[in-house]
Amino acid sequence: MGYSDTAAFGATNVSTPHINTLVSSGMKMTHWISAAPICTPSRASIQTGRYPIRTGCLGNVERYRVIPTPANPGGLDSTTERSLARALKEQGNYSRAGYSGKWHLGINHVKQDRHFTPVAHGYDTFKGAPWTNAPMCAMDSDGRSLKYKSGPKYCFLTANDTVIEMPLRIENFTKTITDHTVDFFRERANARDHRNVTRPWFFFHSWFHVHTPLFTNRTNRGRSKNGKFGDNVEELDDSVGVIMNALKIYGFANNTFIVWTSDNGPYQEEGWDNSGRTNLYASSSAENERWIGRMKGGKGQLFEGGIRMPGAVIWPGHIASNSVSNIMVSSMDIFP
């Protein structure tokens, strides 16, 4: 995702009302820096609060600078690394932790031991893709990742540690993971005790959007002013709206701390039509924007375009709405 891919961060050719509302309800972070310019090390860092190189989740000895595999050792080691989910549950008060969407931190270490999965890292429920959205996941005319023969091998859906859809029906992926998130909120609401109190919980929702190859449900195609990429952004925005509405329905909207960001900049190699934007504007107001310029670089590069992300933190009653911070922060700051 590029810095200016949503209207909240300057995009003029997509409609993102739900993201706009989310960002304006808390603090917009204009200098949010990811821990790495590619996804796996960045995600490992969010999970652990550690520099990516310390987790081993790097492709720095690989032939290509953007790689589909999660790491040279095989993934984020659940025996040596403490995830956000595990750390919060060790506090003693957290009841459940859940995860939806893209993981990309590994599956197995030896045979079928599930050594690197979300479940191994303390997440009680997971539905999503253990790998990533990569070229082999491009969908065929029926919406499945079968355009290429290698699709089923890399692109499938798991529930906890069980494969439930192979090949992946990628057309429906955003709705599938969003439904899982909403189900988690419903389950937590039903777990309230006789005093109507819910023990704290933690949830991590991770979209495929706007990672290439681009995909949207057939009902969402052609909807935006920014082609297929804009359709992806707007479908992501729909999902944000569903999730935020579910928090409201189940009584969690006013006491949930939310962090919203991305893991790395746009994949420039796949062409302008498939690429995110890294434009900078003098104002975030859609009515009065002045373009300053474009950040250099993108995914896989340590130039600003590869690591400067849109970001926001929301905490009703604690963080003032419509506030803005220009202080440099890192995705490594989430854990501490």
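The legends below describe close-up views of a predicted model.

**View 1. Strand E2 and its two partner strands.**
Strand E2 covers residues 96–102. Six of its seven residues are buried, so E2 is largely enclosed by the rest of the structure. E2 and E6 run parallel and are joined by six bridges. Strand E3, residues 125–129, also pairs with E2 in the parallel sense, over five bridges. Glycine 98 stands opposite phenylalanine 203 in E6, and opposite threonine 125 in E3.

**View 2. A stacked aromatic pair between E2 and E6.**
The structure holds 16 aromatic pairs. One of them is formed by tyrosine 99 and phenylalanine 204, which are stacked with 4.8 Å from centre to centre and 5 degrees between the planes. Tyrosine 99 belongs to strand E2 and phenylalanine 204 to strand E6 (residues 201–206), so the pair, 105 residues apart, links distant parts of the chain. Tyrosine 99 has a relative accessible area of 1% and is buried. Phenylalanine 204 counts as buried because its relative accessibility of 17% is under the 20% cut-off.

**View 3. The aromatic cluster that includes Tyr99 and Phe204.**
Both residues of the pair in View 2 belong to one aromatic cluster. The other residues in this cluster are Trp103, Tyr123, Phe126 and Phe202.

**View 4. A stacked pair between helix H6 and a loop.**
Phenylalanine 173 and phenylalanine 208 form a stacked aromatic pair, with ring centres 4.2 Å apart and 25 degrees between the planes. Phenylalanine 173 lies in helix H6 (residues 173–190), whereas phenylalanine 208 lies in the loop between E6 and H7. The two residues are 35 residues apart, and their pair links distant parts of the chain. Both phenylalanine 173 and phenylalanine 208 are buried.

**View 5. Two charged side chains over aromatic rings.**
Lysine 28 has its charged end over the ring of phenylalanine 9, at 4.6 Å from the ring centre. Arginine 308 is placed over the face of tyrosine 3, and here the distance to the ring centre is 4.9 Å.

**View 6. Helix H7 and the glycine after it.**
Helix H7 has 23 residues, from 227 to 249. From its first C-alpha to its last, H7 reaches 33 Å, close to the 33 Å expected at 1.5 Å a residue. Glycine 251 follows H7 and has a positive phi, near 80 degrees.

Key. Residues numbered from 1 in each chain as written. Predicted model: local features only at pLDDT ≥ 70, side-chain atom pairs only at ≥ 80, totals over all residues. Heavy atoms only, no water. Helix = DSSP H or I, 4+ residues; strand = E, 2+ residues; numbered from the N terminus. Expected span 1.5 Å × (residues − 1). Phe/Tyr/Trp six-rings, centres within 6.5 Å; stacked < 30°, edge-to-face > 60°. Buried < 20%, exposed > 50% of the residue type's maximum accessible area, 1.4 Å probe, protein only. Lys NZ or Arg CZ within 6 Å of the ring centre and 35° of its normal. Pairing = 2+ DSSP bridges.
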